[in-house]
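Please open the model in your viewer and keep the sequence beside it, because this tour moves from one selection to the next. At each stop, select what is named and look at it before reading on.

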Amino acid sequence: MASITTSEKKKLFTKVKMLLGAPIRQIEIHDEQMEAFLEVAIEDYSRYINEWLIEQQWDSLIGL
């Protein structure tokens with residue numbers, strides 16, 4: 001996974017849980033699940049950025 005510090009992950013997980021309703025609602029999601037979701041999100045975003053870069057540089061990639 002990308003180089004995200006433990007404190008940054010904890011801060012992000014807390015923010016997500018609060019957006020889901022914590023502490024008013026009990027959020028039953030473990031940090032291992034949150035790490036898996038974060039990994040999927042990073043992979044999706046990386047793929048999106050790579051595809052955008054290829055599209056933007058298509059002319060130079062095909063030699064024009």
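Is K9 buried or exposed? Select K9 and show its side chain: K9 is buried, with a relative accessible area of 17%, a value that falls under the 20% limit used for that word. Keep in mind throughout that you are looking at a predicted model.

**The whole chain**

Now step back and display the protein chain as a cartoon, where you should find three helices and zero strands. Followed from the N terminus, the elements run α-α-α. The radius of gyration is 17 Å, well over the 11 Å that the globule rule gives for 64 residues, so the protein chain is more spread out than a compact globule. If you turn the view along the principal axes, the C-alpha atoms fill a box of roughly 60 × 20 × 15 Å.

Switch to a surface display next, and consider that 8% of the 64 residues count as buried. The protein chain exposes about 5800 Å², of which carbon and sulfur atoms supply 57%. Colouring by charge brings out 7 positive and 11 negative side chains, and the centres of these two sets lie 12 Å apart.

**Salt bridges between α1 and α2**

A search of the whole structure finds three salt bridges, and the tour visits each of them in turn. Return to K9 and add E35 to the selection, since the side chains of these two residues meet in a salt bridge, with 3.7 Å from N to O. E35 lies in helix α2 (residues 31-56) and K9 in helix α1 (residues 6-19), so the pair ties together parts that are 26 residues apart in sequence. While K9 is buried, E35 counts as partly exposed at 31% relative accessibility.

Select D31 and K17 next, which form a salt bridge whose closest N and O atoms are 3.5 Å apart. This pair also links distant parts of the chain, with D31 in helix α2 and K17 in helix α1, 14 residues apart. Both partners are partly exposed: D31 has a relative accessible area of 37%, and K17 stands at 22%.

**A salt bridge within α2**

Where do R47 and D44 sit relative to each other along helix α2? Select them both, and you will see that they are three residues apart in helix α2, which means that about one helical turn separates them. Their side chains meet in a salt bridge, at 3.4 Å from N to O. R47 is partly exposed, with a relative accessible area of 48%, and D44 counts as partly exposed as well, at 36%.

**The loop between α1 and α2**

Move to the loop between α1 and α2 and select P23, which lies there. Show the backbone atoms, and look at the cis peptide bond that joins A22 and P23, where omega is about 0°. From A22, draw a distance to Y45: the two are 23 residues apart in sequence and 26 Å apart in space, taken from C-alpha to C-alpha. Y45 lies in helix α2 and counts as exposed, at 54% relative accessibility.

R25 has its place in the loop between α1 and α2 too, and at 59% relative accessibility R25 counts as exposed. A line drawn from R25 back to E35 joins C-alpha atoms that are 21 Å apart in space, although the two residues are ten residues apart in sequence.

**Towards α3**

Select A36, which is found in helix α2 and counts as partly exposed at 38% relative accessibility. Then add I62 to the selection; these two residues are 26 residues apart along the chain, and their C-alpha atoms are separated by 37 Å.

Which residues make the nonpolar surface patch of about 410 Å²? Keep I62 selected and add I54, W58 and L61, for these four make the patch. Within this group, L61 is found in helix α3 (residues 58-61), and L61 is exposed, with a relative accessible area of 53%.

Terms used. Residues are numbered from 1 along each chain as its sequence is written. This is a predicted model: local features need pLDDT of at least 70, side-chain atom pairs count only at pLDDT 80 or more; totals for chains, interfaces and linings use all residues. Side-chain values use heavy atoms; hydrogens and water are left out. Helices (H or I, at least four residues) and strands (E, at least two) are DSSP runs, numbered from the N terminus. The radius of gyration is taken over C-alpha atoms; the globule rule is 2.2 Å times the number of residues to the power 0.38. Buried means under 20% relative accessible area, exposed over 50%, partly exposed in between (1.4 Å probe, protein chains only). Accessible areas come from the Shrake-Rupley method with a 1.4 Å probe; for residues, only the protein chains shown count as cover. Lys and Arg count as positive and Asp and Glu as negative; His and the chain ends are not counted. The place of a charge is taken as NZ of Lys, CZ of Arg, CG of Asp or CD of Glu. Patches are made of residues with over 30% relative accessible area and no salt bridge: like charges are joined within 9 Å, nonpolar side chains (Val, Leu, Ile, Met, Phe, Trp, Tyr) within 5 Å.
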